[in-house]
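Q: Please take a close look at one part of this protein, the largest nonpolar core. Which residues touch the most other members?

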Amino acid sequence: MLDLSTRAPVTIARVEQPRYTPVAQALHWLTAALVLAVLPLAWIATSLPASPAQSFYFQLHKSVGITIFAVVALRILWRARHPAPPEVYVPRGLALLGRINHWLLYLVFLLMPASGIVLSAAAGSTTQYFFLFPIPPFMEKNKAVSDLADQIHLAGQYAVYALVVLHVLATAWHLVVRRDAVLDRMLPRQDV
């Protein structure tokens with residue numbers, strides 16, 4: 001009979017991943033927090049009847065959406081000057097899929113606020129940015145443009161759901177199945 005009590009415990013060395021810059025990490029997690037806020041605000045606003053409460057939630061939704069647009073634009077500018085770190089432990093095909101998902105997320109996170117602000121402007125609505133200052137409509141009321149922007153916004157909503165779920169599932173897969181520490185790329189370095 002084999003005595004296993006004398007065997008040394010097996011330790012798995014933690015794979016060190018090249019990391020994004022602290023600014024890129026902060027912008028990533030800020031975007032995630034804003035997306036987690038903007039969706040429930042929309043769900044609440046659309047579930048309410050026309051009322052001051054509904055208007056309040058729509059104003060918050062639009063304000064968070066505009067902030068997402070600004071943060072994602074800043075992320076893209078930052079990434080242009082500070083490229084993503086190499087994906088040294090990820091097969092090329094998976095790395096390509098990850099990059100495609102990231103760029104599609106950037107695209108949809110720009111498209112959603114843009115279509116929302118066009119929808120609002122074409123409907124003749126002023127946006128109160130976090131109730132600090134108004135953003136007046138930049139165009140004449142136009143039902144056709146408003147309807148088109150609404151259609152784009154609705155399609156973008158489902159794209160956000162799909163891309164975010166794919167992003168989270170891929171991260172979980174890397175964390176649980178591959179155990180390749182890809183998530184560490186977006187986390188501050190832990191000095192142990």
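A: Start with Val108. In this predicted model, Val108 touches Pro113, Gly156, Ala159, Val160 and Leu163, leaving aside residues up to four places away in sequence.

Val108 also belongs to the largest nonpolar core, which has 18 residues. Val64, Ile68, Val108 and Phe109 touch the most other members of that core. Four helices each give two or more residues to this core. They are H1 (22-47), H2 (52-81), H3 (92-122) and H4 (143-178). H1 gives the most, with six residues.

Now place the core in the whole chain. The protein has four helices and two strands. Along the sequence, they follow the pattern α-α-α-β-β-α. The radius of gyration is 22 Å, well over the 16 Å from the globule rule for 192 residues, so the protein is more spread out than a compact globule. The C-alpha atoms fill a box of roughly 80 × 40 × 30 Å along the principal axes.

Contacts come next. Take those between residues at least 6 apart in sequence: 74% of them join residues at least 24 apart.

Then burial and surface. Buried residues make up 31% of the 192 residues. The protein exposes about 12,400 Å², and carbon and sulfur atoms supply 71% of that area.

Last, charge. There are 15 positive and 9 negative side chains. The centres of the two sets lie 4 Å apart.

Definitions and conventions: Residues numbered from 1 in each chain as written. Predicted model: local features only at pLDDT ≥ 70, side-chain atom pairs only at ≥ 80, totals over all residues. Heavy atoms only, no water. Rg over C-alpha atoms; globule rule 2.2 N^0.38 Å. Buried < 20%, exposed > 50% of the residue type's maximum accessible area, 1.4 Å probe, protein only. Contact = heavy atoms within 4.5 Å. Areas by Shrake-Rupley, 256 points an atom, 1.4 Å probe, with all protein chains shown as cover. Lys, Arg positive; Asp, Glu negative; His and termini not counted. Charge placed at Lys NZ, Arg CZ, Asp CG, Glu CD. Core = buried A, V, L, I, M, F, W, Y, C linked by side-chain atoms within 4.5 Å.
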